[in-house]
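This report introduces a protein chain to a reader who has not seen it before. It moves between single residues and the chain as a whole.

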Amino acid sequence: MNNNVIHPEEARRMIRNNQWNRPTAGMCNGYTQANLVILPKDLAFEFLLFCQRNPKSCPVLDVTEPGSSVPALAAPSADLRSDLPSYRIYRNGILTDEVQDIHSYWTDDMTGFLIGCSFSFEQALMQNKIPVRHIEENRNVPMYKTSISCTKAGRFEGPMVVSMRPIPEKDVVRAVQVTSRFPSVHGAPVHIGDPRSIGIESIDTPDFGDAVTIKEGEVPVFWACGVTPQAVVMNVKPKLVITHSPGHMFITDWTDEEFGVL
């Protein structure tokens, strides 16, 4: 089976049945993928406000009703408790577990947030003959904490996380043009070039994901990343927050082109 072209509902079934437990980059090409944050109802408004104030990092695609695990807009047949390949459990800001199903952690006051993911514009990059290195090397995209501070909202504050893709110098302008069409999945890059300018000391040691090869004549290009809430959670230390494992996304029923604006 070619996992690049299967329908999202079939992909979620595979994930639910533990037939896919690795990163989802390149899976269901053409369909929008999303980051996940689940937290108690009493934190939901503050987190929504945080997302509203930080739309590059946290563009909200869907929010569940409190107590519901069904993303009614993004995929009404899905269940956020089982339809991602891997989840992270944070207690008091500390990563305590990484699991494939969160039914046992779910409570009736939880609210789920689906946040746009840059995997969703990678098909457009490849259609423009721009390489996506982590897909070529079958790795998870490299992600880094930066010195860029998010705008605070209530208890939520912390650093922006970025994803990095090496882009040939001749293609950098085109990569900016292509990704700018998709503001709901992070849009244009936030930085191009020297990683130290945004507080990244070693490009070879990402905070999340895997290092990838940067070839001669390529420039590191950085996009705001939906793993930002995990860095914020580690900073703020709420009692319990559930997220996706970096790179292990939720696949929606929406097509990427539905979010193109130009």
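Is Lys 129 buried or exposed? Lys 129 has a relative accessible area of 74%, and a residue counts as exposed when that value is over 50%, so Lys 129 is exposed. The model is a predicted one, and the values below are computed from it.

**Residues with a positive phi**

Lys 129 sits in the loop that runs between helix H3 (122-127) and helix H4 (133-136). Its phi is positive, at about 60°, although Lys 129 is not a glycine. Most residues other than glycine have a negative phi.

Asn 138 also has a positive phi, near 55°, and is likewise a residue other than glycine. Asn 138 is found in the loop between H4 and strand S6 (143-149). With a relative accessibility of 72%, Asn 138 counts as exposed. Asn 18, which comes just after helix H1, takes a positive phi of about 60°.

**Helix H1**

Which residues of helix H1 (residues 8-16) are buried? They are Pro 8, Ala 11, Arg 12, Met 14 and Ile 15. Viewed down the axis of H1, these buried residues fall within an arc of 155°, so they line one face of the helix. The cover over the buried residues of H1 includes strand S1 (31-40) and strand S11 (250-255).

**Pro 59 and Leu 95**

Pro 59 belongs to the loop between helix H2 (41-53) and strand S2 (60-63). Its relative accessibility is 8%, and the limit for a buried residue is under 20%, so Pro 59 counts as buried. Neighbours within four places in sequence aside, Pro 59 is in contact with Leu 114, Ile 115 and Gly 116, and also with Pro 183, Ser 184, Val 185 and His 186. One of these partners, Leu 114, is 55 residues from Pro 59 along the chain, and the C-alpha atoms of the two are separated by 8.5 Å.

Leu 95 is part of strand S4 (residues 94-99). At 36% relative accessibility, Leu 95 counts as partly exposed. Apart from neighbours within four places in sequence, its contacts are with Arg 88, Ile 89 and Tyr 90. How many Å apart in space are Leu 95 and Ala 124? From C-alpha to C-alpha they are 34 Å apart, with their positions 29 residues apart in sequence.

The table lists the relative accessibility of the four residues for which a value has been given.

| Residue | Relative accessibility | Class |
|---|---|---|
| Lys 129 | 74% | exposed |
| Asn 138 | 72% | exposed |
| Leu 95 | 36% | partly exposed |
| Pro 59 | 8% | buried |

**The chain as a whole**

The secondary structure of the chain consists of six helices and eleven strands. Along its principal axes, the C-alpha trace spans about 50 × 40 × 35 Å. For 262 residues, a compact globule would have a radius of gyration near 18 Å; the chain has 17 Å, which agrees.

Of the 262 residues, 56% count as buried. Among contacts with a separation of 6 or more, 78% are between residues 24 or more positions apart.

The chain exposes about 11000 Å², and carbon and sulfur atoms supply 49% of that area. There are 24 positive and 30 negative charges in the chain, and the mean positions of the two groups are 2 Å apart.

Conventions: Residues are numbered from 1 along each chain as its sequence is written. This is a predicted model: local features need pLDDT of at least 70, side-chain atom pairs count only at pLDDT 80 or more; totals for chains, interfaces and linings use all residues. Side-chain values use heavy atoms; hydrogens and water are left out. Buried means under 20% relative accessible area, exposed over 50%, partly exposed in between (1.4 Å probe, protein chains only). Helices (H or I, at least four residues) and strands (E, at least two) are DSSP runs, numbered from the N terminus. The arc is that of the directions from the helix axis to the C-beta atoms. Contact means heavy atoms within 4.5 Å. The radius of gyration is taken over C-alpha atoms; the globule rule is 2.2 Å times the number of residues to the power 0.38. Accessible areas come from the Shrake-Rupley method with a 1.4 Å probe; for residues, only the protein chains shown count as cover. Lys and Arg count as positive and Asp and Glu as negative; His and the chain ends are not counted. The place of a charge is taken as NZ of Lys, CZ of Arg, CG of Asp or CD of Glu.
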